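Got the viewer open and a cartoon representation on? Let's take a short walk through this model, one selection at a time.

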Amino acid sequence: MVESAIHDCLILFQLMEPPPKECPKKPNEDATDDQVKSYDKWVKADEMAQYYILASMANILQHHHHSMGSAYDMLKSLKEMFGEQNRATKQTTMKALLNTKMVEGSSVKDHVLKMMGLLNELEVLGAVIDKEPQVEMVLQTLADRF
């Protein structure tokens with residue numbers, strides 16, 4: 001999610017693509033103009049990405065990430081710090097999805113919306129479930145009269 005927002009901001013500022021994962025080597029004296037321009041563009045894009053990442057963080061996280069070398073290093077650190085929480089949230093959401101059963105007499109619309117919400121949450125958390133199995137999951141949770 002953060003990577004997507006950074007990408008959007010870089011496009012907005014006409015930097016086109018977010019910086020590659022690793023910093024390219026600094027051009028030496030024999031480098032072509034294109035190599036120098038490419039390196040300078042990477043540095044500018046990476047600095048912009050770092051500013052956006054830092055601006056979106058709590059102060060304690062800013063302090064920890066401020067001195068990192070690149071936006072990639074910051075994102076890698078954040079994934080290491082919060083990846084376990086993401087996994088636990090994904091497991092909890094998946095459990096809720098699999099254990100949900102429509103209550104007899106309740107609204108089909110409300111039940112389907114609840115199921116769609118859980119499936120959307122799983123997608124945001126990085127779970128990949130094809131559309132056909134999603135439909136099958138929802139149909140299996142409907143009350144017996146369906």
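A word on vocabulary before you click: helices here are DSSP runs of H or I, at least four residues each, numbered from the N terminus. By that count, select helix α2, residues 33–55, and pick out D46 inside it. Keep in mind that this is a predicted model.

**Stop one: D46.** Is D46 buried or exposed? Its relative accessibility is 3%, and because buried means under 20%, D46 counts as buried. Now add A71 to your selection: the D46 side chain reaches the backbone nitrogen of A71 at 2.9 Å.

**Stop two: α6.** Jump to residues 131–141, which make up helix α6, and show Q134, V138 and T141 as sticks; these three are buried. Look down the axis of α6: the buried residues fall within an arc of 65°, so they line one face of the helix. An α-helix has 3.6 residues a turn, so residues three or four places apart point the same way. Next, colour E132 and Q140, which are exposed and sit on the face of α6 turned away from its buried side. What covers the buried residues of α6? Select 108–124, and you have α5, which is part of that cover.

**Last stop: the whole chain.** Zoom out and you'll find 6 helices and 0 strands, running α-α-α-α-α-α along the sequence. Of the 146 residues, 28% count as buried. Turn on the surface: the accessible area comes to about 10700 Å², with 56% of it belonging to carbon and sulfur atoms. If you draw contacts between residues at least 6 apart in sequence, 51% of them join residues at least 24 apart.

Note on methods
Residues are numbered from 1 along each chain as its sequence is written. This is a predicted model: local features need pLDDT of at least 70, side-chain atom pairs count only at pLDDT 80 or more; totals for chains, interfaces and linings use all residues. Side-chain values use heavy atoms; hydrogens and water are left out. Buried means under 20% relative accessible area, exposed over 50%, partly exposed in between (1.4 Å probe, protein chains only). Helices (H or I, at least four residues) and strands (E, at least two) are DSSP runs, numbered from the N terminus. The arc is that of the directions from the helix axis to the C-beta atoms. Contact means heavy atoms within 4.5 Å. Accessible areas come from the Shrake-Rupley method with a 1.4 Å probe; for residues, only the protein chains shown count as cover. A polar contact is a pair of N or O atoms within 3.5 Å; within protein, one must be able to donate a hydrogen and the other to accept it, and residues adjacent in sequence count only if both atoms are side-chain atoms.
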